[in-house]
Amino acid sequence: MPVPSGQPVHLNDVLLDNNPGELWLRFRFIAPKIGSDVGRIGYDVATIDMEHLCQTLAVAYVAHHKLEPARVVISLSNKPIDFGHTAPDATQFFEAYLLQDSQCVWDGGI
């Protein structure tokens, strides 16, 4: 999927999660170039990509499936990880958004 940074990003899965007590729609992406080492895509750049993915993919997905999620979570991982599991050797970035008038609004309270 094209993102502003130009890094390769692939949709791994989409989860509808009611476990937080309300519907959270989770889009999980593999982004093998993220990380904190020199030459890797850091969190500051990845957040721009995550907002772009929310706006271009999640908004359309929600409209198409007529969903009303409380939150949309976009996550990037440098390698596949089963949902709910930890992988100390993996890099993962997450952002949560509220959908307001077909716009992704960063939810910094999470």
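The legends below accompany close-up views of a predicted model.

**View A. The five-stranded sheet and the helix that lies across it.**
In this predicted model, five strands form an open sheet in the order β1-β2-β3-β4-β5, with mixed pairing. The edge strands, each of which pairs on one side only, are β1 (10–17) and β5 (103–106). When direction is ignored, neighbouring strands of the sheet are turned against each other by 30° on average. Helix α1, made up of residues 43–65, lies across β1, β2, β3, β4 and β5, and runs at about 45° to β4.

**View B. The hairpin of β1 and β2.**
Strands β1 and β2 pair in the antiparallel sense over seven bridges, and leucine 11 stands opposite phenylalanine 29 in β2. The two strands form a hairpin with six residues between them, and in the turn glycine 21 has a positive phi of about 95°.

**View C. The hairpin of β4 and β5.**
Strands β4 and β5 are paired in the antiparallel sense over four bridges. Glutamine 100 stands opposite glutamine 103 in β5, while tyrosine 97 stands opposite tryptophan 106, also in β5. This hairpin has two residues between the strands, and aspartate 101 takes a positive phi near 50°.

**View D. The disulfide between helix α1 and strand β5.**
The count of disulfides in the model comes to one, and this disulfide joins cysteine 54 to cysteine 104, with an S to S distance of 2.0 Å. The torsion about the S-S bond of cysteine 54 and cysteine 104 is about -90°, so the disulfide is left-handed. Because cysteine 54 lies in helix α1 and cysteine 104 in strand β5, the pair ties together parts that are 50 residues apart in sequence.

**View E. The largest pocket and its lining.**
The largest pocket has a volume of about 210 Å³. It is lined by 20 residues, of which Arg28, Ser75, Phe83, Gln92 and Phe94 are the closest to its centre. The elements that give two or more residues to this lining are β2 (24–30), β3 (71–77) and β4 (92–100). Divided by residue class, the lining of the largest pocket holds ten nonpolar, six polar and four charged residues.

**View F. The surroundings of asparagine 78.**
Asparagine 78 lies in the loop between β3 and β4. The C-alpha atoms of asparagine 78 and isoleucine 30 are separated by 5.6 Å, although the two residues are 48 residues apart along the chain. If residues up to four places away in sequence are not counted, asparagine 78 touches Ile30, Ala31, Pro32, Ile34, Ala90 and Thr91.

Notes: Residues numbered from 1 in each chain as written. Predicted model: local features only at pLDDT ≥ 70, side-chain atom pairs only at ≥ 80, totals over all residues. Heavy atoms only, no water. 1 Å grid on protein atoms, 1.4 Å probe; cavity = no way out; pocket = protein on both sides within 12 Å on 5 of 7 lines; lining within 4 Å. Points joined across faces, edges and corners; volume = space filled by probe spheres on them. Nonpolar A, V, L, I, M, F, W, Y, C, P; charged D, E, K, R; others polar. Pairing = 2+ DSSP bridges. Axes fitted to C-alpha atoms, helices over the stretch in contact; angles between N-to-C directions. Contact = heavy atoms within 4.5 Å. Disulfide = S-S within 2.5 Å.
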